[in-house]
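Reader: I'd like a close look at the side-chain pairings in this one, with the aromatic rings up front. Could you walk me through them and then work outward from there?

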Amino acid sequence: MPKKHWIEFQEVSSPISGLVTKFGGQPTWVSEPQWPLSRKIAKPMRFIGQIKLSKELFPETTAEMAYLFMTDEEGDAFVDGTYEPDGGENAVILQPGVPAVPTKNQREGPTLYRLVQKPGHHLLQPESCEFAVSLIVEEDIAFLTEDERLELPEGDAQAAEGKLNENKIGGTPVFLQGDEFPFEGNCRLLLQLDSCSVPFSINFGDAGVGYAFVNEAGDRAKFLWQCG
């Protein structure tokens with residue numbers, strides 16, 4: 001039965017520098033940095049996280065790592081289109097690989113944050129953060145036939161069923177607003193992130209969920225998000 005890796009976040013106090021799955025901090029590049037630039041403001045996007053591509057989940061790709069970025073608000077300027085897979089305001093960079101968006105050879109840049117209360121400020125303030133992960137392997141019931149699902153013990157079936165508030169690598173996407181695959185032909189879910197159940201701030205609209213996919217050939221990846 002196909003697998004999915006459920007993500008458990010663990011905050012760290014020291015930077016993570018290995019080629020491992022993590023969220024926040026700074027990217028650990030496989031090769032030369034390829035930091036994507038916003039189409040609208042031509043500035044570096046914000047680094048969300050990196051995913052180590054295991055052969056168990058992604059046998060078709062030759063890439064070792066995937067890096068997720070998204071444009072954030074620039075001061076008072078609102079940047080629209082971060083939800084679109086081809087809007088130029090988000091990017092998934094595969095390394096080794098050739099990026100499909102404009103990039104800059106920049107090793108460090110804007111990174112993930114959370115909003116916290118700080119003395120002297122009435123509004124919550126951004127604070128950089130970084131998270132290691134534990135990956136919990138589960139069967140993906142979405143791949144089973146109805147008869148196969150009925151044969152599962154009740155507890156196993158409930159645990160394996162996909163959920164909107166599930167943060168996972170691989171498996172089957174659970175869409176908030178209907179199926180939206182960014183590639184023609186078969187593509188594989190790379191990442192599903194629920195903005196309401198992650199320990200950091202990420203703007204997927206109103207209680208949105210983000211989805212990254214790898215194409216059938218394994219040499220391209222795209223990201224999108226949906227909200228209520």
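How many aromatic pairs does the count come to?

Author: Bear in mind that this is a predicted model. For the rings, the count comes to 18 aromatic pairs.

Let's zoom in on one of them, Phe23 with Phe200. Their ring centres sit 6.1 Å apart and the planes make an angle of 20 degrees, so this pair is stacked; the cut-off for stacking is planes under 30 degrees apart. Now look at where the two partners come from. Phe23 belongs to strand 2 (residues 22–24), while Phe200 is in the loop between strand 12 (187–194) and strand 13 (209–215), so the pair ties together parts that are 177 residues apart in sequence. As for solvent, Phe23 and Phe200 are both buried.

Elsewhere, the rings join up into something bigger than a pair: Trp29, Trp35, Phe47, Tyr67 and Phe69 are linked into a cluster by ring pairs. Keep Tyr67 in mind, as that residue turns up again further down.

Next, the charged side chains. The count here is 10 salt bridges. Strand 2 is a good place to pick up the thread, since Lys22 forms a salt bridge with Glu130, with 3.0 Å between the closest N and O atoms. This is another link between distant parts of the chain: Lys22 is in strand 2 and Glu130 in strand 10 (residues 130–139), 108 residues apart. Glu130 and Lys22 are both buried. So strand 2 holds a partner in the stacked Phe23 pair and a partner in this salt bridge too.

Glu130 also leads us to some open space. Among the 18 residues that line the second largest pocket, Pro15, Ile16, Gly25, Gln26 and Glu130 lie nearest its centre. The volume of the second largest pocket is about 200 Å³. Its lining divides into 5 nonpolar, 8 polar and 5 charged residues.

Back to the salt bridges. Asp72 and Arg46 bring their side chains together in one, at 2.9 Å from N to O. Asp72 is in the loop between strand 5 (65–70) and strand 6 (90–95), and Arg46 is in strand 4 (residues 46–52); the two are 26 residues apart, and the pair links distant parts of the chain. Both Asp72 and Arg46 are buried.

Then there's Glu166 with Lys168, whose side chains meet in a salt bridge with an N to O distance of 3.1 Å. Buried or exposed, you may ask, for Glu166? Its relative accessible area is 5%, so Glu166 is buried. Lys168 comes out at 0% relative accessibility, so Lys168 counts as buried too. The pair is also part of a wider arrangement: salt bridges with shared partners join Lys4, Glu138, Glu166 and Lys168 into one network.

Now for Tyr67 again, this time beside an enclosed space. The structure holds 1 cavity of 30 Å³ or more, and the space in the largest cavity is about 30 Å³. Its lining is made up of Gly49, Gln50, Ile51, Ala66, Tyr67, Leu68, Val92, Leu190, Leu191 and Ala212. Strand 4, strand 5 and strand 12 are the elements that give two or more residues to that lining. By class, you get 8 nonpolar, 2 polar and no charged residues around the largest cavity. Tyr67, then, is in the ring cluster and in the cavity lining.

Val92 carries us on to the largest pocket, which has about 230 Å³ of space. Of its 19 lining residues, Val92, Ala100, Val101, Arg220 and Ala221 are the closest to the centre. Strand 6 and strand 14 (221–226) each supply at least two residues of the lining, and strand 6 gives the most, with 5 residues. The lining of the largest pocket has 10 nonpolar, 4 polar and 5 charged residues.

Finally, step back to the whole chain. You'll find 2 helices and 14 strands in it. Of the 228 residues, 45% are buried. If you take contacts with a separation of 6 or more, 65% are between residues 24 or more positions apart. The Phe23 and Phe200 pair, 177 residues apart, and the Glu130 and Lys22 pair, 108 residues apart, are good places to see such links up close.

Methods
Residues numbered from 1 in each chain as written. Predicted model: local features only at pLDDT ≥ 70, side-chain atom pairs only at ≥ 80, totals over all residues. Heavy atoms only, no water. Phe/Tyr/Trp six-rings, centres within 6.5 Å; stacked < 30°, edge-to-face > 60°. Helix = DSSP H or I, 4+ residues; strand = E, 2+ residues; numbered from the N terminus. Buried < 20%, exposed > 50% of the residue type's maximum accessible area, 1.4 Å probe, protein only. Salt bridge = Lys/Arg side-chain N within 4 Å of Asp/Glu carboxyl O. 1 Å grid on protein atoms, 1.4 Å probe; cavity = no way out; pocket = protein on both sides within 12 Å on 5 of 7 lines; lining within 4 Å. Points joined across faces, edges and corners; volume = space filled by probe spheres on them. Nonpolar A, V, L, I, M, F, W, Y, C, P; charged D, E, K, R; others polar. Contact = heavy atoms within 4.5 Å.
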